[in-house]
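Please look over the chain displayed here. A short report on its fold follows.

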Amino acid sequence: MNKNFLLILVLVFVSFNAMAGTPVPDFRVQQVADHTYVVFGPTQTPNAENLGFMNNPGIIIGSDSVVIIDPGSSLESGRMVLRQVKKLTDKPVTHVFNSHIHGDHWLGNQAIREAYPKAKFYAHPEMIRKAKESEADSWIKLMSKLTEGATEGTRAVIPENSLADGDTFKIGGLTLRIHIMPATHSYTDAMFEIVEDSVMFTGDNVTYKRIPRFNDGTFRGTLAMTEKLISANFKHYVPGHGPTGDKKIVESFRKYVATLYGKATVYYEEGLSDFEMKDKIVAALADYQQWPGFNENVGKHISLAVLEAEKASFE
Ligand SMILES: [Zn+2]
């Protein structure tokens with residue numbers, strides 16, 4: 001072998017590895033209902049240790065095909081989800097549904113496209129628009145930064161099919177119904193009901209034992225959405241982050257939002273500024289102080305709640 005050829009081989013190998021992400025280890029899969037499985041991600045924000053994987057991908061197995069909901073934060077997260085599918089069934093993945101724009105939920109699409117080029121991808125039309133506009137790129141960069149490069153090699157596979165509230169899909173003998181309300185977690189949220197299993201995938205409209213971001217959504221929209229979810233009384237709710245459960249998990253999350261927003265509104269009307277009300281609201285949220293994300297987010301949530309209360313007072 002001549003020397004130059006060897007050098008090129010070495011360079012190709014080195015640059016290939018520099019681009020590659022770190023494989024995500026297999027996470028626990030739980031069967032939630034007859035056809036529905038969930039791969040549980042850690043509830044910490046993306047970091048070098050969890051390799052960016054932190055959400056709850058769903059696997060729904062029908063008579064002749066598989067549906068995946070939110071295959072994680074990176075190419076390697078998506079590959080890990082597919083390894084879990086293979087342990088359960090040989091049926092092909094035909095449909096992928098994404099709950100919203102935040103990259104920890106959908107950047108794993110790439111792995112599904114890679115393995116199943118014919119699979120169809122669906123999301124809220126605003127999610128598709130924002131991803132194309134700039135958010136896909138910024139989420140890819142953010143994930144790589146937060147994980148110190150563990151998600152390198154991830155490329156955006158943006159869904160090409162738009163969802164609307166009430167859309168119903170018949171896939172492999174199962175019924176998947178789409179639920180959309182405006183202005184909840186991110187203005188791009190879709191939720192997925194597996195009718196035969198009485199399972200509702202809420203995306204980040206509900207999180208349990210994990211405090212979510214509210215930067216891109218509204219408290220009032222979240223309260224309206226969670227009220228609707230509770231009254232629907234599904235057997236199982238799969239939150240965007242944290243353990244699954246019955247409607248009690250939605251009630252628990254809703255109480256955080258109702259307490260925070262309710263108190264912020266009252267104190268705002270009394271003329272308090274956000275830093276003056278912070279200690280009182282934190283004390284009222286004692287039950288949530290152990291939830292990951294509480295300390296990092298509660299101050300910001302109070303500021304956002306005051307802004308929203310101020311806006312509401314002009315309506
Ligand atoms: Zn989110």
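What share of the 315 residues of the protein count as buried? The answer is 44%. A residue is buried if 20 or more other C-beta atoms lie within 10 Å of its own, exposed if 12 or fewer, and partly exposed in between, with C-beta atoms placed from the backbone.

## Model and confidence

This is a predicted model, in which local features need pLDDT of at least 70 and side-chain atom pairs count only at pLDDT 80 or more, while totals for chains, interfaces and linings use all residues. Residues are numbered from 1 along each chain as its sequence is written.

The average pLDDT (the predictor's confidence in each residue, from 0 to 100) is 94 for the protein. A score of at least 70 is reached by 94% of the residues. Residues 14-18 have pLDDT below 50. Beyond near neighbours in sequence, that stretch has zero contacts in the model. Two residues are in contact if their C-beta atoms, placed from the backbone, lie within 7 Å.

## Overall shape

The protein has nine helices and twelve strands. These are DSSP runs, numbered from the N terminus: helices are H or I with at least four residues, strands are E with at least two. The C-alpha trace spans about 80 × 50 × 35 Å along its principal axes.

The radius of gyration is 21 Å, which agrees with the value near 20 Å for a compact globule of 315 residues. That radius is taken over C-alpha atoms, and the globule rule is 2.2 Å times the number of residues to the power 0.38. Take the contacts between residues at least 6 apart in sequence: 70% of them join residues at least 24 apart.

## The nonpolar core

A nonpolar core is a set of buried Ala, Val, Leu, Ile, Met, Phe, Trp, Tyr and Cys residues joined through C-beta atoms within 7 Å. The largest one holds 72 residues. Ile68, Phe192, Met200, Leu260 and Ala264 touch the most other members. Helix H7 (residues 247-269) gives the most to this core, with ten residues.

Ala264 touches Met277, Ile281, Ile302, Ala305, Val306 and Ala309, with residues up to four places away in sequence not counted.

## Two helices compared

Helix H2 (residues 75-88) has 14 residues. Its end C-alpha atoms are 20 Å apart, which agrees with the expected span of 20 Å. That expectation is 1.5 Å times one less than the number of residues. Buried residues of H2 include Leu75, Arg79, Leu82 and Val85. Their cover includes E2, E3, E4, strand E5 (93-97) and helix H4 (109-115).

Helix H5 (residues 125-146) has 22 residues, yet its end C-alpha atoms are only 27 Å apart, short of the 32 Å of a straight helix. H5 bends by about 70 degrees at Lys132. The bend is the angle between axes fitted to the seven residues ending there and the seven starting there. Among the buried residues of H5 are Met127, Ala131, Trp139 and Met143. The buried residues of H5 pack against helix H3 (103-106), strand E6 (120-123) and strand E7 (161-162).

## Buried sites

Pro46 sits in the loop between strand E2 (36-39) and strand E3 (58-61). Why does Pro46 count as buried? Because it has 26 C-beta neighbours inside 10 Å. Neighbours within four places in sequence aside, Pro46 is in contact with Gly52, Met54, Ser73, Asp104, Met143, Leu146 and Thr147. The C-alpha atoms of Pro46 and Leu142 are separated by 9.4 Å, though 96 residues apart along the chain.

Ile69 belongs to strand E4 (residues 66-69). Ile69 is buried, with 29 other C-beta atoms within 10 Å. Beyond four places in sequence, the contacts of Ile69 are Pro57, Gly58, Phe97, Ser99, Phe192 and Phe201.

## Positive phi

Ala183 is not a glycine, yet has a positive phi of about 55 degrees. Ala183 lies in the loop between strand E9 (174-179) and strand E10 (191-194). With 16 other C-beta atoms within 10 Å, Ala183 is partly exposed.

Lys209 has a positive phi near 55 degrees. The loop between strand E11 (199-203) and helix H6 (219-232) holds Lys209. Lys209 is partly exposed, with 18 other C-beta atoms within 10 Å. Just after H5, Glu148 takes a positive phi of about 55 degrees.
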